[in-house]
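Colleague: Before I rely on the labels attached to this model, I would like to hear the reasoning behind some of them.

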Amino acid sequence: MERQLLDPVGKLPVAGVVRRLCGVQAQVASSAELAIRVRREASRPGEVSRALSEGRLIRTWAMRGTLHLLTPEDGGAFLSLMASGRSWERPSWQAYFGVTPKQLDALREVVRETLDGKVLTRDELIAAVIARRGYGHLGDALRSGWGTLLKPYAWQGDLCFGPSRGNRVTFTLPQTASSRWAGLLEPDEAAPVAIAAYLKAYGPANADAFGFWIGAGRIGKRRIRAWFEDFRPRLAEVEVGGERAYVRAEDLDELMSTGPTRTVRLLPGFDQFVMGPGTGDGHVVPARRRAAVSKQSGWISPVVLAGGVVRGTWGMAGDRVVVEWFKEAGAVQRTALRSEVKRLSGILGRELRPEVNLV
C-alpha cells in the first residue's frame, strides 16, 4: 500500500506516480486519471492531459497489448520486452491478418516515414500507407478498432498516440510526442530495469507474475525466467502464504519492518493495484471473488481495498457511491468508507454519499 502511494497517499507529481506504477492502463481515460489522482495528496482535473501535452507522459500500446500511460524516460524498457516476444511472427497472427513478417518490416519503414514530424489521425495514416504501391490491401486490417496491426510498431518505438482531435485518435513518433523520449534498450539491458521497477511497485512476486504482467503470454516463459535468474544477485527470497516470491534485496528490511494496514481505499476500474499482480493473484483478489472483479470482455471493476486486499467493488449511481461489500470480508468498515467517499468527493468536485450492500 505504501509503495503504491495509497497508505499514506503520496506527494509525487503526475509523471512520478506513473513511473512508480510502471505505467497506468489507460483505455478508459477517466479511470487512468482517477488512478493517478487517488494517489496524490492534492490534484486538479486535467493534469494528465497537461502532462501528455508537455511530453512528461506518452500514451501507447504497451503491457499485454493494452493502452498505457508511460513516462518517456522509462517506457522504452517495457516496450523493448514486449517487442522481444515477436508475437506478430506467430503463424496464427500471420494467418489472421494475411501479412508476413517481411511485409510487416517493410510496412514499419513506411509508417515511420509517414509519421516523421507529423501528427496524423488513423484515417490520415491509413490513407498515406495504402497510397503506397503494394500496401493497398492492408486498409481493412489497419482500420481494426483494436489497432492490432499497429501494435508491433508501438512496441518497437515507431509510433505512439498523439493528442486527440475531437473523438478521433492521432498517431505520431514518440520523439515527436516528447523530447524526453529515451528510446528502446536492447531486451537484455531492458529486463533488469523493468524487473527492478516491477518489484519495487508490486513485490513480493515471481517470474511468472512479472511475465503475465508484461506480456500475458507474448514472451516465452523460459526467457522471462532467464532474465529473473540473471537478476537473482539483486533479489531476496521471501515466503508469502507458503509460496516462494522475491523482492529487491534493498527493500527487504523495510518490508519486514512494515506493519499491517487497516486503510480503506476506493480504486477505479483497471487500477494498477489489481493489474500489477493480476486478478489471478489470490493474495490481492480472493479467488472466489475473481469473477466480480474481472468481468467479460476484459473489464476490470472498480474495487474497495481494506487491509491491502480487495473486499468489494463499487460504482457510481448519481450522487451515490454504491459499494458491494463481500460478506466474507467481515464487518463493513463504515466510518472508513465514509471518509474515503468524502475524499473521492473532493477529487471529483461533487458531493457524494455512500451506500453499502452486502453481496
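Colleague: Why does Phe210 count as buried?

Modeller: This is a predicted model, and in it Phe210 has a relative accessibility of 0%; buried means under 20%, so Phe210 counts as buried.

Colleague: How many aromatic pairs are there by the rule, and why is the pair of Tyr198 and Tyr202 called tilted?

Modeller: The count comes to 12 aromatic pairs. In the pair of Tyr198 and Tyr202 the ring centres are 5.1 Å apart, which is within the 6.5 Å that pairing requires, and the planes stand at 35 degrees; since stacked needs under 30 degrees and edge-to-face over 60, the pair is tilted. Tyr198 and Tyr202 are four residues apart in helix 11 (residues 187-202), and are therefore separated by about one helical turn.

Colleague: What makes Tyr198 and Tyr202 buried or exposed?

Modeller: The relative accessible area is 1% for Tyr198 and 8% for Tyr202; with the limit at under 20%, Tyr198 is buried, and Tyr202 is buried.

Colleague: Why is the pair of Tyr198 and Phe210 called edge-to-face?

Modeller: The ring centres of Tyr198 and Phe210 are 5.4 Å apart with the planes at 70 degrees, and because edge-to-face begins over 60 degrees, that label applies to this pair. Tyr198 belongs to helix 11 and Phe210 to helix 12 (residues 207-215), so the pair ties together parts 12 residues apart in sequence.

Colleague: Which residues do ring pairs link into a cluster?

Modeller: The cluster linked by ring pairs consists of Phe78, Tyr198, Tyr202, Phe210, Trp213 and Phe228.

Conventions
Residues numbered from 1 in each chain as written. Predicted model: local features only at pLDDT ≥ 70, side-chain atom pairs only at ≥ 80, totals over all residues. Heavy atoms only, no water. Phe/Tyr/Trp six-rings, centres within 6.5 Å; stacked < 30°, edge-to-face > 60°. Helix = DSSP H or I, 4+ residues; strand = E, 2+ residues; numbered from the N terminus. Buried < 20%, exposed > 50% of the residue type's maximum accessible area, 1.4 Å probe, protein only.
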